[in-house]
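Here are a few exercises to work through with the model open beside you. Try each task before you read its solution.

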Amino acid sequence: MGYTSGTFHQDESIANSLEDAARAHRILELEGHGDMSMGHISFRDPFGRGLWLKRGNLALSEVVGDDFILIDFDGNVLAGTGLRHLEWPLHAEIMRARPDVNFVGHSHSHYATVLGATDEDLGPFNNHGVWFAEHGVPRFSETSQIVTSVELGVAVAKQLGDAEAILLKNHGVAFVGDDVAEMMLAGIFLEWACKFQLDLLSSGAKFDRPDHEESVEKRRRIYPPKAQRNYWMYFNRKLDRVEALQGIGIAQV
């Protein structure tokens, strides 16, 4: 699919957003979210037509800006070519329920999936866990199946509520953001926070849960928009270095 102006591509900002979403896929692969060709990010179409979803049969590490299809909220393909992921309802129903969300990610990151298979609640035990301090990280335990029906998508979105991420029991995770950086950081920090908590639990040491209000304030202090942009650029520089070593051209961000 080429990005030329027309019926379905009306603004070059869409191409820019999809290029950023593609880079977020590849960064997430570097940070432990890869699982063969599973996992996907979506971007809310700014013209209200639905959402742009990564096409199927590609690893997170393989996604570039052209690898998206435009679907409406009922799953109909409006533009682009390639396989529509079975779990499109996960993205569509979260976006229906959350007008504040413009990006949705889904992956099978290891440590978050491990924690999701337990009855442990993720706590603000390190700086990365603090990202989720206000709303916590709910767990969807209605099924361990993949989210391929509208009914399941609605149920996941309801369980997510106002949170930034959700554990899908014995399956994986979903994470959201107003912009691409916020979504990506939610995914990365979720995996890091789950690893830290599992390490803490396995240590056998005694520990206390940090105060909720203090953790919410800490989140506000350490993750303002300026810091989020800084971390987005950090991960893009890291991606550029890795891809340069692999002989892949460096893109501007």
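## Exercise 1: helix 5

Task: work out which residues of helix 5 (residues 150–160) are buried, and what covers them.

Step 1. In helix 5, the buried residues are Leu152, Gly153, Ala155, Val156, Ala157 and Leu160. Buried here means under 20% relative accessible area, exposed means over 50%, and partly exposed is in between (1.4 Å probe, protein chains only). Helices (H or I, at least four residues) and strands (E, at least two) are DSSP runs, numbered from the N terminus.

Step 2. The cover over those buried residues includes helix 2, strand 6 (139–140), strand 7 (165–168) and strand 8 (172–177). Contact means heavy atoms within 4.5 Å.

Step 3. Just past the end of helix 5, Gly161 has a positive phi of about 60 degrees.

A word on the ground rules: this is a predicted model, where local features need pLDDT of at least 70, side-chain atom pairs count only at pLDDT 80 or more, and totals for chains, interfaces and linings use all residues. Residues are numbered from 1 along each chain as its sequence is written, and side-chain values use heavy atoms, with hydrogens and water left out.

## Exercise 2: the cores

Task: find out which element supplies the largest share of the largest nonpolar core.

Step 1. A nonpolar core is a set of buried Ala, Val, Leu, Ile, Met, Phe, Trp, Tyr and Cys residues joined through side-chain atoms within 4.5 Å. The largest one has 42 residues, and Leu122, Phe132, Met184 and Leu190 have the most contacts inside it.

Step 2. Elements that each supply at least two residues of this core include helix 1, strand 1 (40–44), helix 6 (180–203) and helix 8 (225–245). The largest share, 12 residues, comes from helix 6.

Step 3. Now click on Phe132: beyond residues up to four places away in sequence, Phe132 touches Leu122, Val137, Glu164, Ala165, Ala186, Phe189 and Leu190.

Step 4. There's also a second, separate core of 24 residues, with Phe140, Val147, Leu152 and Ala174 among them.

## Exercise 3: Arg96 and its partners

Task: place Arg96 and trace its salt-bridge network.

Step 1. Arg96 sits in helix 2 (residues 88–97). With 44% relative accessibility, Arg96 is partly exposed.

Step 2. Asp74 makes a salt bridge with Arg96, with the closest N and O atoms 3.0 Å apart. A salt bridge is a side-chain nitrogen of Lys or Arg within 4 Å of a carboxyl oxygen of Asp or Glu. Asp74 lies in the loop between strand 3 and strand 4 (77–79), 22 residues from Arg96 along the chain. Asp74 is exposed, at 54% relative accessible area.

Step 3. Put it together: Asp74, Glu93 and Arg96 are linked in a network of salt bridges.

## Exercise 4: two long-range pairs

Task: for the pairs Glu243–Arg26 and Asp119–Lys169, decide which residues are buried or exposed.

Step 1. Glu243 and Arg26 form a salt bridge, their closest N and O atoms being 2.6 Å apart. Glu243 is in helix 8 and Arg26 in helix 1, 217 residues apart. Both Glu243 and Arg26 are buried.

Step 2. Asp119 and Lys169 meet in a salt bridge at 3.9 Å, N to O. Asp119 is exposed at 70% relative accessibility, whereas Lys169 is buried at 19%.

Step 3. A search of the whole structure gives 14 salt bridges.
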